[in-house]
Amino acid sequence: MTAQTTLEREAGIERGTDRNVSKAEIISFEPATGAEMWRGKVCDVDDVVARARRAWPAWAAQPLTNRMELMRRFANEVRKEADNFAATIAREVGKPLWEAHAEVEAVINKVEVSIRSYAERTSQRKLDSALQGKMAVRHKPHGVLVVLGPFNYPAHLPNAHIIPALIAGNAVVFKPSEKAPASGEILAKCFNRAGISAAVMQFAPGGPAEGQALVAHEGIDGVLFTGSANTGISINRRLATRPDKIVTLEMGGNNAMVMWDTPKVSDAAALVVQSAFSTAGQRCTAARRLIVKDSLYDTIVPEIKALADRLIVGAPFDEPAPFMGPVIDNAAADGLSESFLYLLSHGGKPIKHLLRPDGTLPFLSPAIIDTTAMKDRPDVELFGPILQVIRVSDFDEAIAEANNTRFGLAASLIGGTPQEYNRFWANMRAGIVNWNRPTTGPSHAAPMGGVGLSGNHRPTGYYAADYCAYPVASGEMEQPRAVIGVGLK
Ligand code: NAD
């Protein structure tokens with residue numbers, strides 16, 4: 001099996017799916033133990049869409065302030081449920097409990113951010129127009145929006161679409177990842193307990209087949225997707241002849257960190273380790289490639305390795321708390337191990353091997369490999385704790401190497417002068433370009449999206465309001481007033 005094969009597999013049936021979905025049921029498993037976690041029926045797509053269509057007009061007709069108030073009640077429901085919610089996320093996707101708590105906090109914080117963002121980006125505006133009339137710009141919801149969630153942030157990332165979509169007056173059909181339905185169910189229940197009906201905000205468990213059926217359904221008005229590039233491309237292709245549907249694609253990355261001159265070597269190493277290995281490398285913004293100035297290599301790389309050696313890999317509830325947990329399932333661990341072997345057998349030099357202490361569980365150690373000598377480095381997203389290191393001699397080469405990808409999600413420059421950062425910023429093709437900050441952990445107050453294969457120019461985060469409603473321009477006067485000034489007999 002090769003890294004290329006891993007990519008091909010991503011293009012076809014999603015990893016682990018066979019285990020998670022049968023015709024009638026989906027089942028999720030705890031990555032850290034292999035134990036069954038959640039089992040339930042897949043949704044009936046026609047029913048789900050029909051319910052949403054019936055419920056949508058009344059929801060859209062509610063005053064905006066009511067919908068905002070309901071979102072605040074939702075935040076309170078999440079607060080009440082916070083411990084159970086975090087424990088469920090931690091068990092279901094294997095992330096450390098402290099990190100699952102941070103995810104729940106992000107779910108709560110999304111409410112106020114989305115209210116501010118709706119007001120700023122899609123509020124009503126009145127403009128003066130010719131002939132003393134008024135010009136108004138107001139926004140309308142699209143209708144029924146399908147939200148397709150990924151497994152790695154099973155609550156926060158779908159929620160980042162759901163709240164702005166509901167505030168704008170859309171009905172939402174939420175299909176969580178088949179690997180994390182329990183987390184998705186708690187999220188949906190918090191909305192429903194807050195008073196948003198289970199028809200306006202529907203939980204629709206299922207796998208890729210249900211995802212495809214929802215995307216293709218005549219009764220939906222758009223798809224808000226977060227997941228892999230291959231799935232995103234297939235959704236885009238499916239809706240290529242449907243300009244009437246809004247399609248938002250938040251996809252993966254092959255993100256670069258460029259390491260340049262800095263006196264703060266241990267801080268620089270910490271930024272790299274944080275970016276590459278948080279969430280066991282299962283973040284869309286994780287650093288996959290470290291591009292290092294040749295003369296710094298012997299100082300910085302051993303420092304990064306030494307820090308990575310100290311990271312605790314463990315189960316979510318272990319004490320002392322682990323830095324990172326397992327990857328999502330054994331199929332993902334197999335694919336990553338095969339990809340690491342591919343890099344090794346095609347000229348990669350190991351700095352820190354990818355180890356899997358127990359072949360029956362998906363715990364992987366952080367791995368670092370120098371791929372400078374590889375001729376054709378596969379430009380794929382290896383969604384796990386593997387960092388490739390590439391040496392370069394000058395800054396132009398560093399920028400060219402960082403841009404040497406079809407993706408364009410996140411990039412960071414560590415060290416360097418303000419002038420070098422200006423060059424980096426101006427030349428990097430990515431939706432997030434940072435300086436002396438990790439590639440991960442995007443701000444809620446900023447747009448979040450990528451270019452290339454990372455997104456379709458509809459960033460989420462603070463800009464989610466933009467794709468949840470469309471602007472209507474209206475010229476308005478209380479009485480008709482018009483004369484024909486020229487061309488009359
Ligand atoms: P995935 O693409 O396998 O699945 C995402 C969702 O799409 C799931 O709900 C799945 O059931 C559904 N799906 C799968 N095939 C489908 C199809 N053909 N049609 C319709 N729906 C389908 O992604 P994943 O493995 O759950 O998540 C990891 C990926 O998500 C990584 O590539 C990561 O980079 C990306 N991601 C991106 C962002 C971002 O904001 N850009 C954030 C998190 C994760």
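## Exercises on the ligand site and the nonpolar cores

A polar side-chain atom of Glu381 lies 2.5 Å from an oxygen atom of the ligand. The model is predicted.

**Exercise 1.** Find which backbone atoms lie close to ligand atoms, and state how much of the ligand the protein buries.

*Solution.* Step 1: take the cut-off for a polar contact, a pair of N or O atoms within 3.5 Å. Step 2: a backbone N or O atom of Gly149 is 2.8 Å from a ligand oxygen atom. Step 3: for Met251, a backbone N or O atom is 2.7 Å from a ligand nitrogen atom. Step 4: the ligand taken alone exposes 850 Å², and the protein buries 95% of that.

**Exercise 2.** Describe the shell around the ligand by residue and by element.

*Solution.* Step 1: the shell has 28 residues, of which Glu178, Ser228, Thr231, Met251 and Glu381 come nearest. Step 2: at least two residues each are supplied by α8 (208-216), β8 (222-226) and α9 (229-238). Step 3: α8 gives the largest share, three residues.

**Exercise 3.** Locate the largest nonpolar core relative to the domains.

*Solution.* Step 1: this core has 93 residues, and Phe74 and Phe191 have the most contacts inside it. Step 2: helix α4 (residues 64-93) contributes the most, twelve residues. Step 3: domain 1 (42-251 + 455-473) and domain 2 (255-435) both give residues to the core, so it lies between them. Step 4: a further core, of 24 residues, lies apart from it and includes Trp56 and Phe225.

**Exercise 4.** List the contacts of Phe191, leaving aside its neighbours within four places in sequence.

*Solution.* Phe191 is in contact with Met71, Phe74, Asn159, Ile162, Ile163, Leu166, Ile196 and Met201.

Notes:
Residues are numbered from 1 along each chain as its sequence is written. This is a predicted model: local features need pLDDT of at least 70, side-chain atom pairs count only at pLDDT 80 or more; totals for chains, interfaces and linings use all residues. Side-chain values use heavy atoms; hydrogens and water are left out. A nonpolar core is a set of buried Ala, Val, Leu, Ile, Met, Phe, Trp, Tyr and Cys residues joined through side-chain atoms within 4.5 Å. Buried means under 20% relative accessible area, exposed over 50%, partly exposed in between (1.4 Å probe, protein chains only). Helices (H or I, at least four residues) and strands (E, at least two) are DSSP runs, numbered from the N terminus. Domain bounds come from an automatic or database domain assignment. Contact means heavy atoms within 4.5 Å. A residue is near a molecule or strand if one of its heavy atoms lies within 4 Å of it. A polar contact is a pair of N or O atoms within 3.5 Å; within protein, one must be able to donate a hydrogen and the other to accept it, and residues adjacent in sequence count only if both atoms are side-chain atoms. Accessible areas come from the Shrake-Rupley method with a 1.4 Å probe; for residues, only the protein chains shown count as cover.
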